[in-house]
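Look at the structure below with its sequence at hand. The report that follows goes through single residues, strands, buried groups and open space.

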Amino acid sequence: MTVLVEPASLERELLASRARTLRLTADLKGRRLLGPMLAIVHPPLWEIGHVAWFQEWWCLRDGASRAPADSMLAGSDRLYDSAKVAHDTRWSLPLPAIEATRTYGEEVLERVIVRLRRMPEDAGLQYFAQLAIFHEDMHAEAFHYTRQTLGYPDPFPAQATPSPVAAVPRGDIELPGGAFQLGAVPGSGFVFDNEKWAHPVQIAPFRIARVAVTNGEFLEFVEAGGYRRREWWSDVGWAWRAGAGVQAPRHWVREGTAWLQRRFNQVAPLAVGHPVIHVNWHEAQAYCRFAGRRLPTEAEWEYAAAWSAIEGKKRRYPWGESAPAAAHANLETGAPVAVDAYGEGDSASGCRQLIGNVWEWTESSFNPFPGFEIDPYQEYSQPWFGTHKVLRGASFATTRRLVRNTFRNFYTPDRNDIFAGFRTCALR
């Protein structure tokens, strides 16, 4: 491990990540601290404590090299270790009250900052501090999911929307493909084990959509009987659809002949120019069959996002090497926007919003790259290989710290609670 960032910058990011968590959970009280037992959410009271415990475990207890007695909260391992505490038991655990839970988190964060100041050149501590930051950022996005799923108020209301822009021409961009290095390269900063390392793949020429599939386009599928016609669904997808009893994307509401959409605790007319969201991998595949299209592989997605033919190299972000700015992508906000927005974030290939707005499903299963070696946080990737599908990009609720072209998100193909949509490719 090497020192990756300036200690002062690391401290700022730790504080910023915690501030975001607090903003997302500050109004949760009473019954909302536990909420209903659902497979797709955690009880917020448990999740707030888990984030603090994870930071203590890796940054103060050095990933279990110190005994449970060293924990700042007695019995914390029995409460908050997600690898050992079964999901459905988390609602019945003897969890500390919210005030004590937040105090625990504050004290852990304070000690981590003190340790960083005392050991600014400790590469291991630097690594684990970044791991804790990104872990908390991911849980912050999960708090967004929970609030949407349970119909709680929007945590980021009344945010400014981007200035109107000229509509992006619909259709495809033709890309030549060829030899491509898929994945992250050593020395490019913190990356997760599933991104390691860049390896050669051969990509055939392909055509990919400039923008993600919109609500308006997906509405055509719905109104053509997309959720009733068996021929557009795989066997597994049809079984999911039948079991779920759905006739439209999650949170769509039909009122007479009009379609509305629930966002948090508000219902508004369906924004036809926004990307379709809250659709799972099965729904994306069914739409593709309806449209005579297909999902991109993750290699094709990364190639479209990262490869610059003019520069003859991969970029860290679609727009280049500079860190994400407000004009580049819809990140850290409260809502998706039209697929035409954020032109300054276009990739060299000409695709728009490959990062930000909504995560994008790919055709690919989540599997290790060649030569995979597990990182210290062993539960991050390995348990999910072979059962999840890869998503790329980011959503409006993702932090700027987390994004890059090589980042691999992953969920089971039935998950439609996440802020995910998709773009399509022409058939091979």
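In this predicted model, V85 touches D77, R78, L79, Y80, R90 and L93, leaving aside residues up to four places away in sequence. V85 sits in the loop between α3 (76-80) and α4 (98-118). Is V85 buried or exposed? The cut-off for a buried residue is a relative accessible area under 20%. V85 has a relative accessibility of 8%, so V85 counts as buried.

**Backbone details**

Most residues other than glycine have a negative phi, and most peptide bonds are trans. Some residues of this model depart from that pattern, and the table lists three with a positive phi.

| Residue | Phi | Place |
|---|---|---|
| H251 | near 80° | loop between α7 (235-244) and β5 (252-255) |
| F264 | about 55° | turn of the hairpin of β6 and β7 |
| E332 | about 55° | loop between β10 (313-314) and β11 |

Two of these residues can also be described by their accessibility. H251 counts as buried because its relative accessibility is 11%. E332 has a relative accessible area of 24% and is therefore partly exposed.

The peptide bond between K196 and W197 is cis, with an omega of about -20°. W197 belongs to the loop between β2 (178-182) and β3 (199-203).

**Strands**

Strands of a sheet pair through backbone hydrogen bonds, either parallel or antiparallel. Strand β6 (residues 258-263) pairs with strand β7 (residues 266-269) in the antiparallel sense, over four bridges. L260 stands opposite P269 in β7. The two strands β6 and β7 form a hairpin with two residues between them.

Another group of strands makes an open sheet. It has four strands in the order β13-β12-β11-β14, and the pairing is mixed. Why is one side of β13 and of β14 left without a neighbour in the sheet? Both β13 and β14 (420-421) stand at the edges with a single partner strand each, so one side of each has no neighbour there. Within this sheet, β11 (residues 359-365) and β12 (residues 389-393) run antiparallel and are joined by four bridges. W361 has L391 in β12 as its bridge partner.

**Nonpolar cores**

In soluble globular proteins, nonpolar side chains tend to be buried together. The largest nonpolar core of this model has 92 residues, and F218, W252, W361 and F422 touch the most other members. Helix α5 gives the most to this core, with 12 residues. A second, separate core has 16 residues, including L175, I208, A304 and C425.

F218, one of the residues that touch the most other core members, is in contact with V213, Y227, P249, W252, V276, V279, E283, Y287 and F422, not counting residues up to four places away in sequence.

**The largest pocket**

Rolling a probe the size of a water molecule over the atoms shows where empty space is left. The largest pocket holds about 1100 Å³ of space. How many residues line the largest pocket? There are 34, and H42, H139, W384, Y411 and R415 lie nearest its centre. By class, the lining has 19 nonpolar, 10 polar and five charged residues.

Which elements supply at least two residues of this lining? They are α2 (44-59), α5 (123-150) and β13 (409-411). The largest share comes from α5, with eight residues. Helix α5 thus appears in two places, giving the most to the largest nonpolar core and the largest share to the pocket lining.

Key. Residues numbered from 1 in each chain as written. Predicted model: local features only at pLDDT ≥ 70, side-chain atom pairs only at ≥ 80, totals over all residues. Heavy atoms only, no water. 1 Å grid on protein atoms, 1.4 Å probe; cavity = no way out; pocket = protein on both sides within 12 Å on 5 of 7 lines; lining within 4 Å. Points joined across faces, edges and corners; volume = space filled by probe spheres on them. Nonpolar A, V, L, I, M, F, W, Y, C, P; charged D, E, K, R; others polar. Core = buried A, V, L, I, M, F, W, Y, C linked by side-chain atoms within 4.5 Å. Buried < 20%, exposed > 50% of the residue type's maximum accessible area, 1.4 Å probe, protein only. Contact = heavy atoms within 4.5 Å. Pairing = 2+ DSSP bridges.
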